[in-house]
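Please open the structure in a viewer and keep the selection panel at hand. The tour below proceeds from one selection to the next and states what is found at each stop.

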Amino acid sequence: MVRATRLRPFLLFLLPLLAAACGGSAPPSGEEDAVLGVPPQVPPPITRDHPTRVIVHLEVKELVQRLTDGVEYRFWTFGGQVPGRFIRVRQGDLVEFHLDNPPDSKMPHNIDLHAVNGPGGGATSSLTVPGRTSTFSFTALNPGLYVYHCATAPVGMHIANGMYGMILVEPPGGLPPVDREYYVMQGEVYTAGDYGDPGLQQFDMAKAIDERPPYVVFNGAVGALSGDHALTAKVGETVRLFVGNGGPNLASSFHLIGEIMDTVHQEAGTATSHNVQTTLIPPGGAAIVEFTINTPGTYLLVDHAIFRAFNKGALGELVVTGPTDSAVYSGRTYEGIYRPEGSAVQTMPSTNDSAPRARTTAEQVAFGQRLFESTCAACHQPDGKGLAGAFPPVAGSDFLNADRDRAIATVLHGRSGPITVNGEVFDAVMPALGLSDEQVANVLTYVYSQWGNNGTVVRPADVAAVRARGQ
Ligand SMILES: [Cu+2]
């Protein structure tokens, strides 16, 4: 008895603290529209002391943007930029998520948020074809910084084209206040051309599968965080970087040249470590990095897998102004030495000639089947039947069977614009896949031999002829 009465005041004091720590225990009250951050900016910290219903509208935009000077790329984005809009909520919030896909899009898309506890992270509830919108809700149960990305087949292609971003779930009470916060994400771009090859570049599926990106960049372009777009801070300010990695393939050895990270939330989880030089950020992962700059200058953000920084674009700048502290550093800066080397970089010859040559039609079919399964099936489906409204069938396709050379040109160069296959109109984009004559011949011979198609045999010489005609 005595014990219980003594304990009661203590429990009364502890309960609100426990509730605050769990975050999710109070039901959400009220409603608000999310403020979304345009990279490299993030929305302001949350000042609410209770969970609420947060309404997020994210619009997919497929658009051509600068990749580097003289080079453009058709990005698929969440909100018009790479990375996608930054979402900021509080633990316990009920997030009502709207994914909008405008009618002029070419592709279906969806979203998988790593902050979701539920099948597909939202992907199974959000597949949205052009001209439609999808809605689903989730409670932000766990605090942390989470990647989101498109998970529509071929998943790697949607991510490589720029469909990734981040959502921060703040713990109750928020993160410790800092002077500056920025949003940075690394990602690869798989262009058909080499680094710096001018013009509008096509996606290259073969390079993506081989994990050989011509570009590795921060925030979607070479120089997205340099010059006029550099991050800025003043001496003595505390800076927090929300750093993510969209991948799709490469882990980032994230490093700030000339600055030690005072605090790192590794993998953007709850644990912190201190005095870190380089932090590893896996594809689909993130880190929260905090530091104070002691002396002015230009500090470089790099992937310390260093060819990526100086030859593929993974380089950003943080320009710090203010009084020099010569006790911290003698004052000589290295600005100007660690510059990107421009677009006139060396290129290594790329050949596909190591693939074994098929000597018989049966071998062509066998090699072609492997290629179909690894490269074409993601879109045209393993049974060749395609996906209504998105990918045409190659099984029993009148379009395919009517014109061999047109089929060769499609696989060689990709295809866009409306086509009619078995009476259904498709108006989407098939990427150029960067295949050799031999590979095109094999995969088409395989496709022609399957699913009721007409058995046409395609030889490498036939492909070479179409290539030579520029058809
Ligand atoms: Cu997508």
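## The copper site

The four donor atoms around the copper ion subtend angles of 85 to 138°, and the arrangement is therefore irregular. A tetrahedral assignment would require all angles to lie between 85 and 135 degrees; the upper end of the range here is 138°. Please note that the model is a predicted one.

Select the copper ion together with its ligands. The coordinating atoms are ND1 of His109, SG of Cys150, ND1 of His158 and SD of Met163, at distances of 2.0 to 2.5 Å. Along the chain, these donors follow the spacing H-x40-C-x7-H-x4-M. Next, colour Cys150 and His158 by accessibility. Cys150 has a relative accessible area of 0% and is buried; His158, also at 0% relative accessibility, likewise counts as buried.

## The five-strand sheet

Now hide the metal site and display strands β13, β21, β20, β15 and β18, which form an open sheet in the order β13-β21-β20-β15-β18, with mixed pairing. Strands β13 and β18 (278-281) stand at the edges; each has a single partner strand, so one side of each lacks a neighbour in the sheet. From one strand to the next, the twist averages 20°.

Strands of a sheet pair through backbone hydrogen bonds, in either the parallel or the antiparallel sense. Both senses can be inspected here by selecting two pairs in turn.

- Select residues 231-234 (β13) and 315-321 (β21): the two strands pair in the parallel sense over four bridges. Within this pair, Lys234 stands opposite Thr321 in β21.
- Select residues 252-257 (β15) and 297-303 (β20): these strands run antiparallel and are joined by four bridges. Here Leu256 stands opposite Leu301 in β20.

Before leaving the sheet, return to β13 and show its side chains. Which residues make up its covered face, and which its uncovered one? Leu231 and Ala233 form the covered face, whereas Thr232 and Lys234 form the uncovered face.

## Salt bridges

The final stops concern charged side chains. The model contains 20 salt bridges, among them the three pairs below.

Begin with Arg53 and Glu31, whose closest N and O atoms are 3.9 Å apart in a salt bridge. This pair links distant parts of the chain: Arg53 belongs to strand β2 (residues 53-68) and Glu31 to strand β1 (residues 31-33), with the two positions 22 residues apart in numbering. Arg53 has a relative accessible area of 29% and is partly exposed, while Glu31, at 55%, is exposed.

Move on to Arg308 and Asp303. Their salt bridge brings the closest N and O atoms to 2.8 Å. Are these two residues buried or exposed? Both Arg308 and Asp303 are buried.

Then select Arg359 and Glu363, a salt bridge with its closest N and O atoms 3.2 Å apart. Arg359 is exposed, with a relative accessible area of 71%; Glu363 is partly exposed, at 23%.

To conclude, select Arg88, Glu170, Glu181, Arg240 and Glu290 as one group. Salt bridges with shared partners join these residues into one network.

Definitions and conventions. Residues are numbered from 1 along each chain as its sequence is written. This is a predicted model: local features need pLDDT of at least 70, side-chain atom pairs count only at pLDDT 80 or more; totals for chains, interfaces and linings use all residues. Side-chain values use heavy atoms; hydrogens and water are left out. A salt bridge is a side-chain nitrogen of Lys or Arg within 4 Å of a carboxyl oxygen of Asp or Glu. Buried means under 20% relative accessible area, exposed over 50%, partly exposed in between (1.4 Å probe, protein chains only). Two strands pair if DSSP finds at least two bridges between them. Axes are lines fitted to C-alpha atoms, for helices over the stretch in contact, and angles run from 0 to 180 degrees between N-to-C directions. Donors are N, O and S atoms within 2.8 Å of the metal (3.2 Å for Na, K and Ca); water is not among the atoms, so sites may look incomplete. Four donors count as tetrahedral if all angles lie between 85 and 135 degrees; four count as square planar and six as octahedral if opposite donors are over 155 degrees apart and all others between 65 and 115; anything else is irregular.
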